[in-house]
Amino acid sequence: MKKVIFICRGNMHRSPTAAALYNVLKKDDSFAESYGTIVDIEGRTGRKISSYPEFITLINYLKQNYGADISNHVCTQITPEALEGAEKIIVIAEEDTVPDWLRAYTYEHWDMKDDFSTPEILAEDVKNIKSKVESLLN
């Protein structure tokens with residue numbers, strides 16, 4: 001079974017969105033997980049994304065438009081153990097937040113802003129992530 005890891009900065013927006021869309025769109029027994037590079041530093045480890053009011057719009061948008069439910073997603077710090085068995089690692093975090101130890105791994109970097117400040121930007125952002133996920137699946 002193929003394991004894909006998506007990593008963003010806070011594990012609240014880009015990587016959970018990518019993992020959820022991957023898991024909804026895939027046509028095989030592969031699966032995706034998501035993590036963040038600075039979750040521990042921000043004190044968000046173990047917190048559900050739904051506990052942050054600013055993410056409710058994203059949660060609802062993904063559920064209504066793609067059938068992807070991230071409401072129970074828990075913010076998790078990336079560790080070497082999380083990468084065990086991964087066939088593909090996608091980093092969506094800004095390069096300056098990538099830990100030195102992670103640079104030893106082969107990964108693909110997606111340069112995507114962390115901005116969902118308006119409904120229009122949110123829709124465009126999710127569309128861009130979905131497009132990248134679809135390319136990965138093909």
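Colleague: What makes two aromatic rings a pair?

Modeller: Rings of Phe, Tyr and Trp pair if their centres lie within 6.5 Å. A pair of aromatic rings is described by the distance of the centres and the angle of the planes. Keep in mind that this is a predicted model.

Colleague: How many aromatic pairs does the whole structure hold?

Modeller: The search finds 6. One aromatic cluster is formed by Phe6, Tyr22 and Trp110.

Colleague: On to the sheet. How do strands pair in general?

Modeller: They pair through backbone hydrogen bonds, either parallel or antiparallel. Here 4 strands make an open sheet, and the pairing is parallel. Read the order as 2-1-3-4.

Colleague: Which strands are at the edges?

Modeller: Strand 2 (31–36) and strand 4 (108–109). Each of these pairs on one side only.

Colleague: How many bridges join strand 3 to strand 4?

Modeller: There are 2, and the two strands run parallel. To find the place in the model, look for Val91, which stands opposite His109 in strand 4.

Colleague: Now helix 4. What span should its residues give?

Modeller: Helix 4 covers residues 119–137, which is 19 residues. At 1.5 Å a residue, the expected span is 27 Å. The C-alpha atoms at its ends are 27 Å apart, so the two values agree.

Colleague: Which residues of helix 4 are buried?

Modeller: Leu122, Asp125, Val126, Ile129, Val133 and Leu136. Look down the helix axis: these buried residues fall within an arc of 95°, so they line one face of helix 4.

Colleague: Which exposed residues does the face turned away from that buried side carry?

Modeller: Glu120 and Ser135.

Colleague: And what covers the buried residues of helix 4?

Modeller: The cover includes two strands and two helices. The strands are strand 1 (3–8) and strand 3 (86–91). The helices are helix 1 (14–25) and helix 3 (56–66).

Colleague: Last topic, cysteines. How many disulfides does a search of the whole structure find?

Modeller: It finds 0. Cys8 is in no disulfide, and the nearest cysteine sulfur belongs to Cys75.

Colleague: Why is there no bond from Cys75 to the closest cysteine sulfur?

Modeller: The cut-off for a disulfide is 2.5 Å between the sulfur atoms. The sulfur of Cys75 lies 8.6 Å from that of Cys8, so the gap is too far for a bond.

Colleague: Are these two cysteines buried or exposed?

Modeller: Buried means under 20% relative accessible area. Cys8 is at 2% relative accessibility, so it counts as buried. Cys75 has a relative accessible area of 1%, so Cys75 is buried too.

Terms used. Residues are numbered from 1 along each chain as its sequence is written. This is a predicted model: local features need pLDDT of at least 70, side-chain atom pairs count only at pLDDT 80 or more; totals for chains, interfaces and linings use all residues. Side-chain values use heavy atoms; hydrogens and water are left out. Buried means under 20% relative accessible area, exposed over 50%, partly exposed in between (1.4 Å probe, protein chains only). Rings of Phe, Tyr and Trp (its six-membered ring) pair if their centres lie within 6.5 Å; planes under 30 degrees apart count as stacked, over 60 as edge-to-face and the rest as tilted. The expected span of a helix is 1.5 Å times one less than its number of residues. The arc is that of the directions from the helix axis to the C-beta atoms. Contact means heavy atoms within 4.5 Å. Two strands pair if DSSP finds at least two bridges between them.
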